[in-house]
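Q: I would like a close look at the charged pairs in this protein and at what surrounds them. Please start with how far the model can be trusted.

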Amino acid sequence: MKIRKELYFGFTLMALIIVAALAMVFSVDKMTNGHYGLLMLSLVVVAIMLGFPTAFTLMGMGMLFAFFAYHSGGQTAAGALKQTLDLMVQRAFSVMGNDVLISIPLFVFMGYLVERANLIDKLFRSLHLALARVPGSLGVATLVTCAVFATATGIVGAVVTLMGLLALPQMLRAGYDVRLSAGVITAGGCLGILIPPSVLLIVYGATAGVSVVQLYAGAFFPGIMLAGLYIVYVIAMAKLKPDWAPPLTAAQRAVPLPAGLMAIGATSDGWAPGSLITALKGRRNQGVSSRYLLGQLGIALLPAILFAVVAVASYQSATRVVVEESYTELQAMGAGSNQDTSPGGGLAEPEGSGLAEPPSGDAVAEPPDSGAVAEPPGAESAAQERVEGAVAEPPATAGAGTDAPAATTKPPSTGFWIGLGVGALALAAFYAILSYARLEVFKMLLSSFFPLLVLILAVLGSIVFGLATPTEAAAVGAFGGFVLAAAYRQLTFGVVKESVFLTAKTSAMVCWLFVGSAIFSAAFALLGGQELVEQWVLGMNLTKTQFLVLSQVIIFILGWPLEWTEIIVIFMPIFIPLLDNFGVDPLFFGLLVALNLQTAFLSPPVAMSAFYLKGVAPKHVTLNQIFAGMLPFMGIQVLAIVLLYMFPGIGLWLPQVLYK
């Protein structure tokens, strides 16, 4: 007679609880409370590996050991039970009072709507035609598509599954090696873990008490660096082993032209701008409306129009200097510029706004009192320049302080002209090679790549530049997902219903994880487990580098059996309090962890991305081939971690420029 899976799990959990109880009873004289905390940590890991729900395992173990901690401190059983229940309620309330967590369901909802807008097919098709002459073009196009789509959705399973259905058959038909194809799809799909807007960064920020705004700004360039390293590897393999990534044939690179352009004698290699202008005033446009030709010419001239608008706006911004109302106010600004200012000009979320774990008390940490409104970044230097550049007014006039603000101009800097020149050269090169075939590819990009790019820039730009909090930007992103789905005629009641259901399911899982983590870490702190770990680590007399290496190796190993959510909510509260002892910035540590935690989706035996791909791959593609294809990309991740450690500016430069 077969025993049901639920009964097996139940009996196993009962056995674990009995073992824990026996250990408590018979080892009281030999073990301290700190050792019981380590026992609790070990039992949680074992239970999760056996398949128990992570959140409820954390809550169950936390409440059991919290009761033991209170009872061993001299409380009666009734008193210990009351304090345990009070602790559970307080920790759950403090977690749900964290405003940053509101952005999680909004970002997830945006991702599901964008996924169901069916953009990925057009996106992959347009990118692989645009990159047709690049070695390993299908692999490079797959990585770029994964990076863009993962940025817009952040849902690893969705990206890997869709690319497995779309890109894997095309790469296999083109003669690509199975291992390289599988590695490209699984590694590219995991980029959504790191590249903002990433749910992982929100969870880490709430756990470690780090500003999510600064985490997003810091993770931007490391994410681009990792995607770039993947692309370089694919191009190198295509050059070194051409049989692994054969170039596309002429038939595969062919772009069909519409009938309207064919009617005016257009060819794939013909120069589009000149031919369209000639057709407008010639006889070749018979049977083709001038409106259609003007529309095609307008599409071809869009880059030039956009460049002109950006150049004019940049010139005005670079040459305009605003003079303040009065000289006395300028003096006051200069005198007050030495005062401390909060990062981000008060627009970024304050440090410590998230839920710091493990808790040192039952109260929720409040953001520091910033007092007056802080000046934006660079306000001090800007004020000094205005003081030096302003014309001193007579005391009577200056003291009045009623003059209207005036504006003067200054010559643009050398950097502006260099940037303008580089942009003009790039625009000239674009139009020099703009054939009708490339014009069709550009039109495909306009309908697939650029809408996603605008959505991503609107969400991330508003966060990074302090125009909106992550929650507000997530609301804008969710609205943008609605607009995209409606624009592509995919906004049906069924799509919205399914997106809402999946969003509620994912958000509930994350929130229950936070509640379980809060209860677990509180019990761990009550038992003195955190203090025992700190004493053990500090007793090793590690340097800062040795501590970082040790912590990243532990996280790398934990990524084999556990997922990133479990590592963040269980083990980050143990590492975070140790950072001050070694002088490690929690923001920098979070970026290293975000890079490292991609191994949770790429490393066997869990390697969820491998199972996502195996579920949609052809039958002849084995799981061992997928694992073998992921190994080089795991090595690239390790290289990226080393580069970020050796050059911290990759991750810290943008937050320092924007918020310091």
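What is the mean pLDDT of the protein, and what percentage of its residues reach 70 or more? How many salt bridges does a search of the whole structure find, and where are they?

A: This is a predicted model, in which local features need pLDDT of at least 70 and side-chain atom pairs count only at pLDDT 80 or more, while totals for chains, interfaces and linings use all residues. Residues are numbered from 1 along each chain as its sequence is written, and side-chain values use heavy atoms, with hydrogens and water left out.

The mean pLDDT (the predictor's confidence in each residue, from 0 to 100) is 77, and 80% of the residues reach 70 or more. Residues 324-330 stay under 50 throughout, and the model gives them 15 contacts (heavy atoms within 4.5 Å) beyond four places in sequence. The pLDDT is also below 50 over residues 335-402, a stretch with 97 contacts beyond near neighbours in sequence. Where pLDDT is low, the predicted coordinates should not be read in detail.

The search finds three salt bridges (a side-chain nitrogen of Lys or Arg within 4 Å of a carboxyl oxygen of Asp or Glu) in the whole structure.

One of them joins Glu440 to Lys443, with 2.9 Å from N to O. These two residues are three places apart in helix H21 (residues 436-464), so about one helical turn separates them. Helices (H or I, at least four residues) and strands (E, at least two) are DSSP runs, numbered from the N terminus. Glu440 has 10% relative accessibility and therefore counts as buried; buried means under 20% relative accessible area, exposed over 50%, and partly exposed in between (1.4 Å probe, protein chains only).

Lys443 also has a partner from elsewhere in the chain. Ile299, in helix H15 (residues 290-300), is 144 residues from Lys443 in sequence, yet their C-alpha atoms are 7.6 Å apart. Beyond four places in sequence, Ile299 is in contact with Leu439, Phe442, Lys443 and Leu446. Its own relative accessible area is 22%, so Ile299 is partly exposed. Further along H21 is Ser462, which is buried because its relative accessible area is 13%. Leaving aside neighbours within four places, Ser462 touches Leu457, Leu467, Ala468 and Ala473.

A second salt bridge links Asp86 and Lys82, whose closest N and O atoms are 3.0 Å apart. Both residues are in helix H4 (residues 77-96), four residues apart, about one turn of the helix. Asp86 is partly exposed because its relative accessibility is 32%, whereas Lys82, at 53%, counts as exposed. Helix H4 also holds Ala80, which is buried at a relative accessible area of 0%. Outside its neighbours within four places in sequence, Ala80 is in contact with Phe67, Tyr70, His71 and Gln75. The C-alpha atoms of Ala80 and Phe68, twelve residues apart along the chain, are 7.8 Å from each other.

The remaining bridge pairs Arg179 with Asp177, the closest N and O atoms being 3.3 Å apart. Arg179 is partly exposed at 37% relative accessible area, and Asp177 is buried at 16%.

Next, the nonpolar packing. The largest nonpolar core (a set of buried Ala, Val, Leu, Ile, Met, Phe, Trp, Tyr and Cys residues joined through side-chain atoms within 4.5 Å) has 174 residues, and Met572 and Phe589 touch the most other members. Helix H11 (residues 212-240) contributes the largest share of this core, 14 residues. Apart from it lies another core of 17 residues, among them Ala266, Val288, Leu439 and Phe442. Leu439 and Phe442 are also among the contacts of Ile299.

Excluding residues up to four places away in sequence, the contacts of Phe589 include Tyr204, Leu548, Ile555, Met572 and Phe575. Met572 and Phe575 are among the buried residues of helix H26. H26 (residues 564-575) is mostly covered, with twelve of its twelve residues buried.
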